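Trainee: Please take me through one part of this model in detail. I would like one helix and its surroundings, step by step.

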Amino acid sequence: MADSAYHDALLRLFSRTGGAWRLGLERVSELLALLGDPHRAYPVFHVAGTNGKGSTVATLDAMLRGSGLRVGRYTSPHLVDFAERVVVDGAPMPHEAITAWLNQWEPEMTRLGATFFEATTAMALDWFAVQRVDVAIVEVGLGGRLDATNTVQPLAAAVTQIGFDHQEFLGDSLASIAGEKAGIYKSGAVAVVGEARPDVCALLTARAEEARAEPVLVTGRDWQVREVSVGSAGTSFTLVTSDGERRLTTPLIGEFQAHNAGVALAMLRGAGGRWLEIERNAAALLPGVRLAGRFHRADRWLFDVAHNADGAATVVANLLEVGAPLPVSAVVCVLRDKDWAGILRAVARVATHIVVTMAPSAPAARAWNLDEVSAWAEGEGVPVQRVDDFALALDSARERAATVLVTGSFHTVGDAMERLQVDPLAR
């Protein structure tokens, strides 16, 4: 009965995703006011960006929890269970609590016209107050300036690397996208700029200064990441700050993970006080970092939610770097509005067997056309096997390889984890 009630409550919540995407802070601000402004009850680290948000959040989570603090973490999307979005000290919000909250506040959400993400954000921020967290880490959903999470008044806000995403809402240039994401910088709060490209970095820095953020910490200027080494145990790097040099290691795989760790540590340094003391213990705390669905290994399976060509190329490079057992098979499903051809080209560099399939949870309106994919692959000479049934696709890949890469979207990885009974939150 409890699971049925949870399922029904989520169905009504997800029905709020229909129609045009409505950005803005008015509805979520009013909903939070009705809840007693719970987001004012604890300090917040706020993270935006196109790439690197998840890694930065995961690094902060490990550092803060490892220091004995009670930590709330709000991220999106989820992989297997909606409850993964709202986590306190590694434990997802209980189904019963989600059901009760949604049922209680549904009339007000309907009156206000709250969207799915606005409702979920309010629920998360309220749950953190109920759980009396010492600190919360909040990941931006889309953009920054008009994202529902921008109701928080952060202790520190960071913008990681910028890329093209959601151009219909954020603009069709890196400058316009960066400008939207820079909207999370606030007066008197720490601002961290994690984007290294000079033009975008300069824009983000200027926006932080215009917002009267204090201090403003910029990658390459206020800290440097050098001598990055990637291996099967993680990524080692030298962090250079005004205090000197330290050799550090994060368990996350990839050169870019060193830069993401640098952003998280800069947020703690900028916040000062007890947060600075936590940052100084990075060598001992970084080994606790975990991030589901990003170069996530479980036996012979390797899961990565890469959904663009650059991300897929990075996964392939990392797979080769760590010496994963050969041969490699890949199970791939990409949403039709993504660069699936670029992803398949990248995967073909390492996989001797590529299975293209349909993830069950992929939205029908965005599902890729397997006829089109198969025809393209034949014309390009990319060897693929089409297996429409997702479970059979996993079986086919497993039979032919020592390492099975599952990639292309959150839907692909989440559906595979569910069927293979891999817990995204397991340590």
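Mentor: In α8, five positions to look up are Val 200, Cys 201, Leu 204, Thr 205 and Ala 208: each is buried, that is, under 20% relative accessible area. These residues cover an arc of only 135° around the axis, so they lie on the same side of α8. Keep in mind that the model is predicted.

Now turn the helix over. Pro 198, Asp 199 and Glu 210 sit on the other side of α8, and they are exposed.

Next, check the length. Helix α8 runs over residues 198-210, which makes 13 residues. At 1.5 Å a residue it should span 18 Å, and the end C-alpha atoms are 18 Å apart, so the two values agree. Just past the helix, Arg 212 has a positive phi of about 65°.

What covers the buried residues of α8? The cover includes helix α7 (174-181) and the strands β6 (156-159), β7 (190-193) and β8 (216-218).

Those strands lead to the sheet. It is open and has 8 strands, in the order β4-β3-β2-β5-β1-β6-β7-β8, with mixed pairing. Its edge strands are β4 (91-92) and β8, each pairing on one side only. So much for the edges; now look further in. Strand β2 (residues 71-74) pairs with strand β5 (residues 135-139) in the parallel sense, over 4 bridges. To place one of them, start at Gly 72: its bridge partner in β5 is Ala 136.

Terms used. Residues are numbered from 1 along each chain as its sequence is written. This is a predicted model: local features need pLDDT of at least 70, side-chain atom pairs count only at pLDDT 80 or more; totals for chains, interfaces and linings use all residues. Side-chain values use heavy atoms; hydrogens and water are left out. Helices (H or I, at least four residues) and strands (E, at least two) are DSSP runs, numbered from the N terminus. The expected span of a helix is 1.5 Å times one less than its number of residues. Buried means under 20% relative accessible area, exposed over 50%, partly exposed in between (1.4 Å probe, protein chains only). The arc is that of the directions from the helix axis to the C-beta atoms. Contact means heavy atoms within 4.5 Å. Two strands pair if DSSP finds at least two bridges between them.
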